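Colleague: I have a structure open and would like to practise reading it with you. Could we take it feature by feature, with the general idea and then the case at hand?

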Amino acid sequence: MTNAESQPDDARSDDDRDRDMIDAAREQAAKLSDVLRLPSSRPPPDALPGYEILRELHRGGQGVVYLAIQKTTKRRVALKVMHAGEFAGPKDRARFEREVEILGQLNHPNIVSIHDCGTSGGAYFYVMDYITGQPLDAHMKHADLSVDDTLGLFQKICGAVNAAHLKGVIHRDLKPGNILIDSDGEPYILDFGLAKIATGEVMDESHPRMMTVTGQFVGSLPWASPEQAEGIPGRIDTRSDVYSLGVVLYQMLTGGKFPYVVVGNMRDILDNILRAEPARPSTIRRQVDDEVETIVLKSLSKDRDRRYQTAGELARDVQHYLAGEPIEAKRDSGWYVIKKTLRRYKVATGVAAAFLILIVAFAITMSMLYRRAVDAEHDANLALSEAQTARAAEQTQRERAEAHFDAARDLAHTFIFDFHDEIEHLRGAMQARELILIKAQQYLEQVKGEAGDDPAFLRELADAHEKVADLRGGRFAGMTGTTQEAMAHFDEALRIRRLLLGLSPDDASLHADLGNTRFSISLVHRRSHDYEAARDEVEAAIAEHDTAIRLARAQGLDLTPLREDRLRALVGVGDIANLKAFGEDDRGAALAMCDEVLDAYDAAYREARRCADQGAPSTTTKHWLGVTLEKKARALLLVGSITLRGVADVIDADDLPEARARYDRAIGHYLDAEAFAVQSERIAAEVAAMEPADFDYQRDLFAARLQLGDILTRIAQAHDDLAHYVDGGDDELAEARDRREQALTCLRRALAGAERSANADETNLRAINDVGRCLLLIGDVLLRLDRLDEAGAELERCLSIREQIVAIDPIPQYRRDWAVAHYRLGQLGVKRGDAADSVNVKLGYYQTALTHADASLTAFRALADESSEGAGGSTIRFAEKLRAECADRLAQLEGEP
Amino acid sequence: MTATEESLVSKAVAGDHEALSELLQQHAPAMRRKLARAIGDAWRSSVDAEDVMQVTFLEAFLRINRFQPGGAGSFSAWLSRIAENNLRDAIKWLSRAKRPDPRRRVGAPGGEESYVGLVEMLGASMTTPSRAAARGEALGALEKMIAELPTDYERVIRLYDLEGRSASEVAELLDRSPGAVFMLRARAHDCLRELLGSASQYFTVTG
């Protein structure tokens, strides 16, 4: 920029300026060297008795190392002096004394040995061999060793560490900087300063020798093992050194690279040590073959039990490799890889889940093997028996084999189907779910046709088909399978159930099963927006439930579960009508459909009321009462919103009386909805209080509060609109504000509940998602209350939660939620920009808004592309509109001076 | 290497600052030309060669004791390397500054948080534990260290890292180019890391 030649009139020459800069630098350097106590600017400490200090070699965390001459022997030695002053607390001194004590016990050609120690002028020092060499990392940089030579050197290092291990000494701070290589290429391990005596037993935290009281971590982070990073001193043992050696080997092989990122924020580094899988060394250096990689990765196993147990074991395997013998370390098996994949999701229960999957796999395999064994045995026996050999013997054998088979089948069945439910909402369990599903299908394939006429087995089989169908076509539709596949399984379930009913037509439970299957089928139709088919199925389901109840009553059986099934189907009728009305574009037709919705929910409510009045009071009946009330509220909410459809056109046409009338009607519906919602919230609260540990009931309460919040928001919006567009005045605005404040209170209560659930079980993704939903609605209300900064905070939090969720479990629903959060933030950005005064600030907000709009648009489009039903058009339109708004405003700003 | 230069270098390495000043004065014009070329048109508006030179000189004084003379041209090569590194830091951060790093703000400006954030940002290769810092016991020490930094380093840390001002603001306050702010900051962080201790040191994770 500044150039004297082009600016001859510059008052001062380059030379002058250079001199000034150099003088200033010199002055500052003098000041800083003083602070840093750089070797050149500070004399070595006063002569230590018996030694003559030549120069400083190294300045480390614990002290300074000098080159010295031992006066009596004229030998050159390294002399380590503890930092004095502010760095040398009693802790440091104790550590120093321990270091000396431990080092004195070690005697190995590749370990730097100690000769003497003492104090001088309050400073502690000790004397060790002086090794002329360079640290391992520097050595590796210059030496350019082949993989085999590298391993040879590493083996020696392991041998030395092992010698210490055999004496019960753990280094705890192994790293290239602590390993010196002399001119002959011999390694020397330094700084056993952090080592501590391993007792070989459980550590006694109060042991006087232990410097590391609970919670303290001693070592260098990039080379630390997971147990060191966790800071649990009692868990540090020889295997921790093996891990550090693994990191060292990794670096030796890859030119200094670390297995994972070890720079940046400390939390991230700790997290990487604890959880990040090492990048495969062979991807960094091609010469690293499979076996060497296996050795490295085994040393770096996060799980201590899967590592080499001592440095000696590691050294031996390296020796095996160098000698061309098979190594002992084995590649992880497929199942272990799955287990690891699961673990990566940091699930507290993840290990348990992974373990159970192993069992599932085992159970399934066993059951198939047994089946085959049965068949083989059977065939063999048939061949042998030839009619005259002991039929009885064959019979016994067959029975025994079948008993085995049944046991295995039970096990497999339990794990496949019950276990799935357990992990369904577990975060990160996607792979596990999919795996179980695949296994379940294989299982069904395998046992197909073998059920014979055993009713119990047939029924189980039908259940299994239904389960698979549910999963394929249900919640995860679009992710893990297709509707067609689901329907095929449902058909098979239906076929079997009808077969069973043919065998015992008066069995109430079989009718109920059939009803439930048909209900499940209706759900699939519902999701494919085929409401007619859904309606047919649900009505068929109700008919089956009616039959079941009639039969059960005649047989004097318990009606409660059957009535509950019927209730569910009745609610289903309302749900289908609700969806149909919601999807109907024509306002008049939609309003007409709403009557149907209200009737259906009302029928369900009356049935729930009857159940509650007739049966013994139970949580379940209460729950259903709450659910049906909530549904009624929802239906009225829909009626209200359909009433307001097209009201903007009415206003544009200046027909204010008609607009007013519509708003009044809508508000009336909303107020009815509010009344039901308040009741349902009260009931949900009671139920939740009765079963505090039941997540589903807590969630009902959450849903009820969310619903009430939603209704209050709509009421507020209607009043707002009246004030702004029709003829309302300040009281409308005040009413809107009051209602929004109410909604805020209600939503915050819902949020608190959701947060409690999420905190209680951090693996519960649905609960975490609920937190996100609340935040979104709260942000929305705040947005409309013009509390833009608060809205921003809530929405940002919502986005970040949703980002996390999507990273763990990218099912379409979660991705859609994530996109919605972006969309809202985009809206907020526009609003903030509009409210801002300065052009620059506006520009910033609009640009942020544009980014969010783009993110939501991209996500919505991707979702629409993936969706088999081509849904999502309206979300795309909204996002496009928002984007256009942002772009327009930005363009306007550009146009301004 | 001329006889004079050779003797100047060996004096400088031995700690003679006068000799080093003389050497730097000799090499300054070449450095200025090289830097101007390397900065080019793309960064001319945001990086000033003299800013880079100033920091390079400071580092030369700080590091001369570690320099190993290796015959003709070795001092010039050493000095060029320092200058190149400095320039690279300036430009690296400038390109990054276009997409601001959210973690740059190390906490509420001026508060205790900002010190803790700074310690965290300095990374793992330091002695003093961030959580110990969080407990407040190391904050005093950190503050003392910052106060002892060369003035420019200190001001950049205070204005940018602790007070949370923008790079352009800091540049204006220091009357430097924005590139210089990033370069000064990188060097200041190096210094702090050194003051806090090297990677070979222990540190406490919790306590």
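Modeller: Gladly. Let's begin with a single residue: setting aside neighbours within four places in sequence, Asn516(A) has contacts with Glu466(A), His545(A), Asp565(A) and Arg568(A). Keep in mind throughout that this is a predicted model.

Colleague: Which helix holds Asn516(A)? And how far from Asn516(A) is the C-alpha atom of Glu466(A)?

Modeller: Asn516(A) sits in helix 16 (residues 508–527) of chain A. The two C-alpha atoms are separated by 9.7 Å, while the residues are 50 apart along the chain.

Colleague: Let me try another one. Is Leu636(A) buried or exposed?

Modeller: Leu636(A) is buried, with a relative accessible area of 8%. This leucine belongs to helix 20 (residues 619–643) of chain A. Not counting residues up to four places away in sequence, Leu636(A) touches Leu598(A), His669(A), Asp672(A), Ala673(A) and Phe676(A). As for C-alpha positions, Leu636(A) and Glu674(A) are 38 residues apart along the chain and 8.9 Å apart in space.

Colleague: Now to chain B. What is its pattern along the sequence?

Modeller: Chain B reads α-α-α-α-α-α-α-α-α-α, with ten helices and zero strands. Of its 207 residues, 54% are buried. Chain B exposes about 9,000 Å², and carbon and sulfur atoms supply 50% of that area. Among its contacts between residues at least 6 apart in sequence, 67% join residues at least 24 apart.

Colleague: How should I read a nonpolar core?

Modeller: The general idea is that in soluble globular proteins, nonpolar side chains tend to be buried together. Here the largest nonpolar core has 56 residues, and those with the most contacts inside it include Leu20(B), Leu35(B), Trp78(B) and Tyr153(B). Helix 3 (residues 49–63) of chain B gives the largest share of this core, nine residues.

Colleague: Why does this core lie between domain 1 and domain 2 of chain B?

Modeller: Domain 1 (3–87) and domain 2 (102–196) of chain B both give residues to this core, so it lies between them. Apart from it lies another core, of 49 residues, among them Val248(A), Ile269(A), Leu270(A) and Ala315(A).

Colleague: Which residues is Leu24(B) in contact with, leaving aside its neighbours within four places in sequence?

Modeller: Leu24(B) is in contact with Ile22(A) from the other chain, and within chain B with Phe57(B), Ala60(B), Phe61(B), Phe75(B) and Leu79(B). Leu24(B) is also one of the residues with the most contacts inside the largest core.

Colleague: Next, charges. How many salt bridges does the structure hold over all chains?

Modeller: In general, side chains of opposite charge can pair when their charged atoms come close. This structure holds 58 salt bridges over all chains. In one of them, Arg32(B) pairs with Asp18(A), with the closest N and O atoms 2.4 Å apart. Arg32(B) lies in helix 2 (residues 17–43) of chain B and Asp18(A) in helix 1 (residues 14–36) of chain A, so the pair joins two chains. Both Arg32(B) and Asp18(A) are buried. A network of salt bridges links them with Asp14(A), Arg17(A) and Glu50(B).

Colleague: What does a salt bridge inside one helix look like?

Modeller: Try Glu607(A) and Arg610(A), whose closest N and O atoms are 2.8 Å apart. Both lie in helix 19 (residues 587–614) of chain A, three residues apart, about one turn of the helix. Glu607(A) counts as buried at 3% relative accessibility, whereas Arg610(A) is partly exposed at 39%.

Another case is Lys881(A) with Glu885(A), at 3.9 Å from N to O. These two are four residues apart in helix 29 (residues 873–895) of chain A, again about one turn. Lys881(A) is exposed, with a relative accessible area of 53%, and Glu885(A) is partly exposed at 27%.

Colleague: Last topic, confidence. Where in chain B is confidence lowest, and where is it highest?

Modeller: The lowest is helix 6 (residues 130–134) of chain B, at a mean of 38, and the highest is helix 2 of chain B, at 87. Chain B has a mean pLDDT of 70, with 67% of its residues reaching 70 or more. Over residues 98–112 of chain B the pLDDT stays under 50, and the model has 28 contacts beyond four places in sequence for that stretch. Residues 123–138 of chain B are also below 50, with 43 contacts in the model beyond near neighbours in sequence.

Definitions and conventions
Residues numbered from 1 in each chain as written. Chains lettered and ligands numbered in written order. Predicted model: local features only at pLDDT ≥ 70, side-chain atom pairs only at ≥ 80, totals over all residues. Heavy atoms only, no water. Buried < 20%, exposed > 50% of the residue type's maximum accessible area, 1.4 Å probe, protein only. Contact = heavy atoms within 4.5 Å. Areas by Shrake-Rupley, 256 points an atom, 1.4 Å probe, with all protein chains shown as cover. Core = buried A, V, L, I, M, F, W, Y, C linked by side-chain atoms within 4.5 Å. Domains from an automatic or database assignment. Salt bridge = Lys/Arg side-chain N within 4 Å of Asp/Glu carboxyl O. pLDDT = per-residue confidence, 0-100.
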